[in-house]
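User: I am new to this structure and would like a close look at one charged residue, followed by a connected account of what lies around it and further along the chain. Please go slowly and keep each step tied to the model.

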Amino acid sequence: QTLSSKKDKALRKSFRAAKKAFTEAQSAGASAIEATKSSITDLEAKVKAARKAWKSDKSDKSLKKALKRAKIDLEKARAKATSEEGKETKPKNKAKRKRDYSEPTNCKKKKTLTAGTDGSGESKAACGNIGEDEEVSETKLFVGNCNYNITDEIITEFFKDCGEITEIYWVCNKESGRFSGMGFVTFATAESAKKALGLHEQECMGRRIKLSMAKPRKERPERKPRDRVKLRPVKPLSERPDECYTVFVGNLSYEVNDEQMIKFAEEKSEGQGTVTGVRWITDRETGDFKGAGFIEFDSVEAVDAFVKQNGKIFMGRQLRVDYAMPKN
């Protein structure tokens, strides 16, 4: 009994010591987060002051560099704070991490690329296995698996020892405009791009960056524009009256004018005659054009040739053409 009692006391003492150590660790973690937040506040003030100084004298390049440096420091501090907060509040059971879909500052909604992606955010189209017969760019790299808060400044800092960067392009979803976690970085020389490729799988903002030489986009063959006019059954022509010099034309475009109508009618009369007049049908009260009219020719042969346009397309509309009936 005496031995058992001593063991219980030792266990209770060990438990109290472990609990105290855990509490101290939690307190230290909270202090670190508060310190990081305080640092972010200071850096935001620094960025604001640097921006104000640069705006007062934009010709001073040193002020511009100071502003750029301050922005990079601020972004790093924010990324660090996000990482520390994630560790502090991480549950015991692993839950599916929600992605932050906020866009980089230069994400171009109107000029986006469409590419299939795998789970890592890496483009299958742009970053597949490169065959021996496939051409690749010597200066452009595909950059995948990026943190969704990445910016031009951060990726420039990541490649700072590789050489001059001439262009950064972030890929966004074509429909939603959201950043897709990937992009393209172009260097001034092939040597710089090759050196940058050596950073493949290196960590940036808590994620391992995927790098590969970019493939040129394949040119798609030109597609012929489709005729979007919905064709309807063609109504047969009426019996031609004797000495008929006028035709009725319906379902005309509301943009048609005299010059266009005359030119079309004379072309389709197969050289059998010329147009002597055009009369548009309008609303009696408002005077609005009703999409129909009459065309007068100088020969019966021209009329017979033009009525063949019944059911044909003119200015995006399917025409209704027929002989004009004489007034009783």
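What relative accessibility does Glu296 have, and how does it count on that basis?

Analyst: The model is a predicted one, and in it Glu296 has a relative accessibility of 28%, so it counts as partly exposed. The side chain of Glu296 takes part in a salt bridge with Arg279, in which the closest N and O atoms are 3.3 Å apart. Because Arg279 belongs to strand β8 and Glu296 to strand β9, this pair ties together parts that are 17 residues apart in sequence. Arg279 also counts as partly exposed, since its relative accessibility is 43%.

The strands that carry this pair also have a part in covering a helix. The buried residues of α5 are covered by elements that include β8 (275-282) and β9 (289-297), together with α6 (300-306) and β10 (313-314). Within α5, which spans residues 258-268, the buried residues include Met261, Phe264 and Ala265. These three cover an arc of only 95° around the axis, and they therefore lie on the same side of α5. The other side of α5 carries Glu259, Lys263 and Glu267, which are exposed. Both ends of the helix have a local detail to look at. Where α5 starts, a side-chain oxygen of Asn257 comes to within 3.2 Å of the backbone nitrogen of Glu259, while just after α5 Glu270 adopts a positive phi of about 60°.

The pair of Arg279 and Glu296 can be set beside other charged contacts, for the model has nine salt bridges by the rule used here. In another of these, Glu157 is joined to Arg69, with the closest N and O atoms 3.7 Å apart. That contact links distant parts of the chain, as Glu157 sits in helix α3 (residues 152-158) and Arg69 in helix α2 (residues 61-88), 88 residues apart. Glu157 has a relative accessible area of 14% and is therefore buried, whereas Arg69, at 35% relative accessibility, counts as partly exposed.

Glu157 has a further partner, because its side chain also meets that of Lys76 in a salt bridge of 3.7 Å from N to O. Lys76 lies in helix α2 and Glu157 in helix α3, so this pair ties together parts that are 81 residues apart in sequence. With a relative accessible area of 43%, Lys76 is partly exposed. These contacts belong to a wider arrangement, a network of salt bridges that links Arg69, Asp73, Lys76, Glu157 and Lys160.

Helix α3 leads from this network towards the nonpolar interior. The largest nonpolar core has 22 residues, and the members that touch the most others are Ile150, Ile155, Phe159 and Phe187. Two or more residues of this core come from each of β1, α3, β2, β3, α4 (190-197) and β6 (210-213). Leaving aside residues up to four places away in sequence, Ile155 touches Val143, Ile150, Ile168, Trp170 and Val185. Another core lies apart from this one and has 20 residues, among them Val249, Phe297, Ala302 and Val303.

Strand β3, which contributes to the 22-residue core, deserves its own description. The strand runs over residues 179-187, and nine of its nine residues are buried, so β3 is largely enclosed by the rest of the structure. Strand β1 (residues 140-144) runs antiparallel to β3 and is joined to it by four bridges, with Phe142 standing opposite Phe184 of β3. Strand β2 (residues 165-172) is also antiparallel to β3, and here six bridges make the connection, with Ile168 standing opposite Val185. Between β2 and β3 the hairpin has six residues, and in this hairpin Gly177 takes a positive phi near 80°.

One more charged residue completes the account. Arg207 is placed in strand β5 (residues 207-208), and it is buried because its relative accessible area is 13%, which falls under the 20% limit. The side chain of Arg207 reaches the backbone oxygen of Cys146 at 3.2 Å. Returning to the starting point, Glu296 is partly exposed and forms its salt bridge with Arg279, whereas Glu157 is buried and belongs to a network that also includes Asp73 and Lys160.

Notes
Residues numbered from 1 in each chain as written. Predicted model: local features only at pLDDT ≥ 70, side-chain atom pairs only at ≥ 80, totals over all residues. Heavy atoms only, no water. Buried < 20%, exposed > 50% of the residue type's maximum accessible area, 1.4 Å probe, protein only. Polar contact = N/O pair within 3.5 Å; in protein donor to acceptor, adjacent residues only side chain to side chain. Arc of directions from axis to C-beta. Contact = heavy atoms within 4.5 Å. Pairing = 2+ DSSP bridges. Salt bridge = Lys/Arg side-chain N within 4 Å of Asp/Glu carboxyl O. Core = buried A, V, L, I, M, F, W, Y, C linked by side-chain atoms within 4.5 Å.
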